[in-house]
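Let's take a walk through this fold, one piece at a time. Keep the viewer open as you read.

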Amino acid sequence: QVQLVESGGGLVQPGGSLRLSCAASGSIFVIANMGWYRQAPGKQRELVAATTSGGSTNYADSVKGRFTISRDNAKNTVYLQMNSLKPEDTAVYYCNADGLGPQGDFGSWGQGTQVTVSS
C-alpha cells in the first residue's frame, strides 16, 4: 500500500505564492507519474500539473507560466510551486501517483490540502 501525504496549503492573498509538497511512502519499486489535481466547490476534479519519471511535464492552460511542478525521485516527493495566485485557483489540491510495487501496479491519491486565494 502506498500513502501520499500533502502539505503546504493555506490562505494567501491574490498575487501571492504557495508551495505544495507531496511525499509518497510504503511499498514502492518505482513511481512512474506524479501529479497535482484540484477540485473547487461544485466543479469536477481537474489536472493541474503532472510529471513523469523522466522529467516530462504537463500543465493545465490556466496555470501555465504561474505554476511549476518538480520532483525529487530520491525522496519520492513531488512539489508544486504556485506563483501569481488568483482567486480562481481556490480549491482542494490533491496529489496523485502511480507506479509499481511488490503487489503490482498501484495508483494512489492524497487526502487533499486546501488552497484559498482571497484578500
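A good place to drop in is Glu6, whose bridge partner in E3 is Cys22. Keep in mind that we're looking at a predicted model. That pairing belongs to a longer stretch of contact: E1 and strand E3, residues 18–26, run antiparallel and are joined by six bridges. If you look at E1 by itself, it has two faces. Val2, Leu4 and Glu6 make up the covered face, while Gln3, Val5 and Ser7 sit on the uncovered one.

Now zoom out to the sheet. Four strands make it up, in the order E1-E3-E8-E7, with antiparallel pairing, and the sheet is open. Why do E1 and E7 each have a side without a neighbour in the sheet? Strand E1 (2–7) and strand E7 (67–72) are at the edges and have a single partner strand each, so one side of each stays free of a sheet neighbour. On average, neighbouring strands here are turned by 15 degrees against each other, ignoring direction. As a bit of background, strands of a sheet pair through backbone hydrogen bonds, in either a parallel or an antiparallel way.

Back to Cys22, because there's more to it than the bridge to Glu6: a disulfide joins Cys22 to Cys95, with an S to S distance of 2.1 Å. Cys22 sits in strand E3 and Cys95 in strand E9, so the pair ties together parts that are 73 residues apart in sequence. The torsion about the S-S bond is about -85 degrees, so this disulfide is left-handed. Both Cys22 and Cys95 are buried. Searching the whole structure turns up one disulfide.

Over at the other end of the strand order, E7 pairs with strand E8 (residues 77–82) in the antiparallel sense, over six bridges. Here Thr68 stands opposite Gln81 in E8. Next to look at is Leu80, which also lies in strand E8. Leu80 and Thr68 are twelve residues apart in sequence, and their C-alpha atoms are 5.7 Å apart in space.

Is Leu80 buried or exposed? Leu80 is buried, with a relative accessible area of 0%. Setting aside residues up to four places away in sequence, Leu80 touches a list of residues that includes Leu18, Leu20, Trp36, Val48, Phe67, Ile69 and Tyr93.

At the start of E8's range is Thr77, which lies in that strand. Thr77 is buried as well, at a relative accessible area of 8%. A polar atom of the Thr77 side chain lies 2.9 Å from the backbone oxygen of Lys75. Beyond its neighbours within four places in sequence, Thr77 contacts Cys22, Ala23, Met34, Ser70, Arg71 and Asp72, which brings us back to the cysteine from earlier.

Finally, the core. Which residues touch the most other members of the largest nonpolar core? Of its 30 residues, they are Trp36, Val48, Phe67, Leu80, Met82 and Tyr93. The elements that give this core two or more residues are E1, E3, strand E4 (30–39), strand E5 (46–52), E7, E8, strand E9 (91–101) and strand E11 (113–117). As for Met82, among the residues it touches are Leu18, Leu20, Phe67, Tyr93 and Val115, with residues up to four places away in sequence not counted.

How values were computed. Residues numbered from 1 in each chain as written. Predicted model: local features only at pLDDT ≥ 70, side-chain atom pairs only at ≥ 80, totals over all residues. Heavy atoms only, no water. Pairing = 2+ DSSP bridges. Axes fitted to C-alpha atoms, helices over the stretch in contact; angles between N-to-C directions. Buried < 20%, exposed > 50% of the residue type's maximum accessible area, 1.4 Å probe, protein only. Contact = heavy atoms within 4.5 Å. Polar contact = N/O pair within 3.5 Å; in protein donor to acceptor, adjacent residues only side chain to side chain. Core = buried A, V, L, I, M, F, W, Y, C linked by side-chain atoms within 4.5 Å. Disulfide = S-S within 2.5 Å.
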